[in-house]
Every structure is written in C-alpha cells, then in structure tokens.
Amino acid sequence: NTSAAVNGIFPVTGATHTATSSLPPAPHCGTLPPPPPTGDTTPPIATLVLPVGNNMATTTRKSSLPLVAAMFTDKPGTGVATSTAYWKNLANNATGVLAPSYGWLGGPVTLAPGLNTIEVGVRDNAGNLGTARFYAIYQTGSSAAAVDSRIPGLASVINSLIALIDELTSVLNR
C-alpha cells in the first residue's frame, strides 16, 4: 500500500476493518508478572525468639503455646516477602501467619499430645525459603513415659524434670 501515513501509521485498505493506534506497545504481554530478580539463591535466615530462644525445645502442660516469635533477615538478598511469613505445627498441621511487629509474631499454636515440631518460615522476594524449627512437648499426664519413642531417652529426662519441678513446687508451697 502506498497510501500516506497518519501519525506514522499506515492505514490498511481492502480489509473490512481498519484499526489504528498511536499507543506504544505494552511492555509485557499477557497476564504473567515479570520474573523475580535473578541471582539471589540465598534463603533468608530464620531465628527463633519465643518461646524457646536459643533452646530447641520446651515442655508444657498446656494445649497451646500463646505466642511464637521469630526474626528474619535476608542479607544479601532481595528482602523478605512479608505476606509469606508463617508458623506450622508438623504434628497436627495447624498453621498460622506471623505478622511483622517487634519481630514476627503469631499464635496461639495448638499442640498435639506428645512431641510437636513447630516450624517458622518466610520467603524472600526471589522465592527462597528460610525456616527454623523447635520442639514443644505437650505433657498431658503426670508421667512422660508415653510422650514419644522417636527420641531415645527423652521420656526419662522429662520424667526427671517433672519430678524436680513437682518437688520444687511442694517446697515453695510449704
């Protein structure tokens, strides 16, 4: 076609429809978002704050932990994706979110009788997952003999601790 261009656009002739546009092409076609930044393969570092701090286990006679707190850092990296922070109890599949407030807080965490493995985690903006785990033992009776057989010797240690706590409690109540 040798027709004159209008605003740099040549009209189409001999067709049933003529379409013209002066808009530049879209930077992305379709509905997919752009890919995440490349090069960041390092997951965030998850650090437990409550209830265990530097300890890896806690024992309780309550059916839930009222609060779980963690810290997440992503150095060097793309930053933590705040909407992905979570806690999960692997013993009963209870889950919840961790909200950014003086660290990352969530709970209460419902416990199953016996050994509970609780995981906290977050993804960074590149999609890398960082996690940390701790263990909570929900003791439902006065003896820990039936708590869990997956960790040899755990029941005897717990029974000793429970006996010591009971003895200290009776001394303090005198």
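Which residues make a nonpolar surface patch of about 300 Å²? The patch is made by Val49, Leu50, Leu67 and Met71. The model is predicted. Its chain holds one helix and 11 strands. The pattern along the sequence is β-β-β-β-β-β-β-β-β-β-β-α, so the helix follows the strands.

**The chain as a whole**

- The chain has 174 residues, and 30% of them count as buried.
- Its accessible surface comes to about 11,300 Å². Carbon and sulfur atoms hold 59% of that surface.
- Take the contacts in the chain with a separation of 6 or more: 58% of them join residues 24 or more positions apart.

**The open sheet**

- Four strands form an open sheet in the order β1-β4-β8-β7. Their pairing is antiparallel.
- The edges belong to β1 (45–50) and β7 (99–100). Each has a single partner strand, so one side of each lacks a neighbour in the sheet.
- Strands of a sheet pair through backbone hydrogen bonds, either parallel or antiparallel.
- Two bridges link β7 to β8 (residues 104–106), in the antiparallel sense.
- Proline 100 has tryptophan 104 in β8 as its bridge partner.

**The surface patch and β1**

- Valine 49, one of the patch residues, lies in strand β1.
- Valine 49 has a relative accessible area of 37%. That value falls between the 20% and 50% cut-offs, so the residue counts as partly exposed.
- The value is also over the 30% that a patch residue needs, so valine 49 can take part in the patch.

**Strand β5 and its partners**

- Strand β5 covers residues 86–89. Trp87 and Asn89 make up its covered face. Tyr86 and Lys88 make up the uncovered one.
- β5 is joined to β6 (residues 94–97) by four bridges, and the two run antiparallel.
- These two strands form a hairpin, with four residues between them. In the turn, asparagine 93 has a positive phi of about 60°.
- β5 also pairs with β10 (residues 114–123). This pairing is antiparallel too, over four bridges.
- Where does lysine 88 find its bridge partner in β6? The partner is threonine 95.
- In β10, lysine 88 stands opposite glutamate 119.

Key
Residues are numbered from 1 along each chain as its sequence is written. This is a predicted model: local features need pLDDT of at least 70, side-chain atom pairs count only at pLDDT 80 or more; totals for chains, interfaces and linings use all residues. Side-chain values use heavy atoms; hydrogens and water are left out. Two strands pair if DSSP finds at least two bridges between them. Buried means under 20% relative accessible area, exposed over 50%, partly exposed in between (1.4 Å probe, protein chains only). Contact means heavy atoms within 4.5 Å. Accessible areas come from the Shrake-Rupley method with a 1.4 Å probe; for residues, only the protein chains shown count as cover. Patches are made of residues with over 30% relative accessible area and no salt bridge: like charges are joined within 9 Å, nonpolar side chains (Val, Leu, Ile, Met, Phe, Trp, Tyr) within 5 Å. A salt bridge is a side-chain nitrogen of Lys or Arg within 4 Å of a carboxyl oxygen of Asp or Glu.
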